Amino acid sequence: WTAKYASLVTASSWLPNGKSAVSDGVNEKGLVANMLWLDPSDYGKRDERLPGLSLALWGQYILDNFETVADVVQNMQSSSFQIVSHTIPVTVPGSGTTMSSAVLHLALTDKSGDSAIIEYIAGKAFIHHDRNYTIMTNQPSFDKQQENLRQYQGFGGQKPLPGTTEPADRFVRAAYYM
């Protein structure tokens, strides 16, 4: 593709194969893309009838081609390409654990305040699109985070605010402080 918009990539990773993977950035129209690790990510069995888009380039593709979250969501819903996670050894950030490939989900926001979280579970894209979806942590998937959140005071439940460093607890605290 040819980039429609300039972008500043604020974080990238050098992979063992010598290539870079965009994980965070913003484009000239104010669209922001952030990727985080998500263990249950599964992009599906490779369908050779569809063009493949490397997971390492997914964030850059979004920044290069779209102006708003709504534009991205519309494209992803009618997408004629498949996200491909290459089988190369990847060290999980902060853990030292090595996996055969990266597993990531994507958070988007734009200058209007619109936001979305896109995850691939069991080969299917789940697009959570709502201005209020401004928080994402590593585990579990976003739908399970929302379910967990409803157990806590201030979100419909009775549990007090949690305090561990676990991603699910961080999600609840971030939602509380937002």
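1. Let me start with a strand pair. S2 and S3 run antiparallel and are joined by 3 bridges. One of the partnerships puts Asp-24 opposite Asn-34 in S3. The hairpin these strands form has 4 residues between them, and Gly-30 takes a positive phi there, near 90°. Bear in mind throughout that this is a predicted model.

2. Staying with S2: how many of its 8 residues are buried? The count is 6, over residues 20-27, so the strand is largely enclosed by the rest of the structure. Val-22 sits in this strand. Val-22 counts as buried because its relative accessibility is 10%, and the cut-off for that label is under 20%. If you want a long-range pair to look at, take Val-22 and Gly-59: they are 37 residues apart in sequence, yet their C-alpha atoms are 5.8 Å apart in space.

3. Now the overall layout. The chain has 4 helices and 10 strands, and from the N terminus the order reads β-β-β-β-α-α-β-β-β-β-β-β-α-α. There are 178 residues, of which 41% count as buried. Among contacts with a separation of 6 or more, 56% are between residues 24 or more positions apart.

4. On to the nonpolar interior. The largest nonpolar core has 26 residues, and Trp-58 and Ile-62 have the most contacts inside it. Two or more residues each come from strand S3 (32-37), helix H1 (55-65), helix H2 (69-77), strand S8 (104-109) and strand S9 (115-121). H1 gives the largest share, 5 residues. As background, nonpolar side chains tend to be buried together in soluble globular proteins.

5. Trp-58 deserves its own look. Which residues does it touch, leaving aside neighbours within four places in sequence? The contacts of Trp-58 are Met-35, Leu-53, Met-76, Ile-83, Leu-104, Leu-106, Ile-118 and Tyr-120. There is also a second, separate core of 10 residues, with Ala-107, Met-136, Phe-142 and Ala-175 among them.

6. The C-terminal helices come next. In helix H4 (residues 167-177), the buried residues are Pro-167, Asp-169, Phe-171, Val-172 and Ala-175. These buried residues pack against helix H3 (142-149). Ala-175 also belongs to the second core mentioned above, which ties this helix to that part of the picture.

7. Here is a buried acid to check: Asp-114, in the loop between S8 and S9. Asp-114 is buried but has no salt bridge, and the nearest side chain of opposite charge is that of Arg-131, 4.5 Å away. For a salt bridge the cut-off is 4 Å, so that distance falls outside it. What does the side chain of Asp-114 make a polar contact with? Its partner is the side chain of His-129, at 2.9 Å. Beyond four places in sequence, Asp-114 is in contact with Val-69, Ala-70, Leu-108, Thr-109, His-129, Asp-130 and Arg-131.

8. A second buried acid is Glu-119, in strand S9. Glu-119 has no salt bridge either, and Lys-144, the nearest side chain of opposite charge, is 8.7 Å away. The side chains of Glu-119 and His-105 are joined by a polar contact of 2.7 Å. In addition, the Glu-119 side chain reaches the backbone nitrogen of Phe-142 at 3.0 Å. With neighbours within four places left out, the contacts of Glu-119 are Leu-38, His-105, Lys-124, Ala-125, Phe-126, His-128, Ser-141 and Phe-142. Phe-142 turns up in the second core too.

9. Two backbone details to finish. Where does the cis peptide bond lie? It joins Gln-139 and Pro-140, with omega at about -15°. Pro-140 is in the loop between strand S10 (124-129) and H3. The other detail is Ala-122, which is not a glycine but has a positive phi of about 50°. Ala-122 lies in the loop between S9 and S10. Is Ala-122 buried or exposed? Its relative accessible area is 65%, so Ala-122 is exposed, the cut-off for that label being over 50%.

Notes: Residues numbered from 1 in each chain as written. Predicted model: local features only at pLDDT ≥ 70, side-chain atom pairs only at ≥ 80, totals over all residues. Heavy atoms only, no water. Core = buried A, V, L, I, M, F, W, Y, C linked by side-chain atoms within 4.5 Å. Buried < 20%, exposed > 50% of the residue type's maximum accessible area, 1.4 Å probe, protein only. Contact = heavy atoms within 4.5 Å. Lys, Arg positive; Asp, Glu negative; His and termini not counted. Polar contact = N/O pair within 3.5 Å; in protein donor to acceptor, adjacent residues only side chain to side chain. Pairing = 2+ DSSP bridges.
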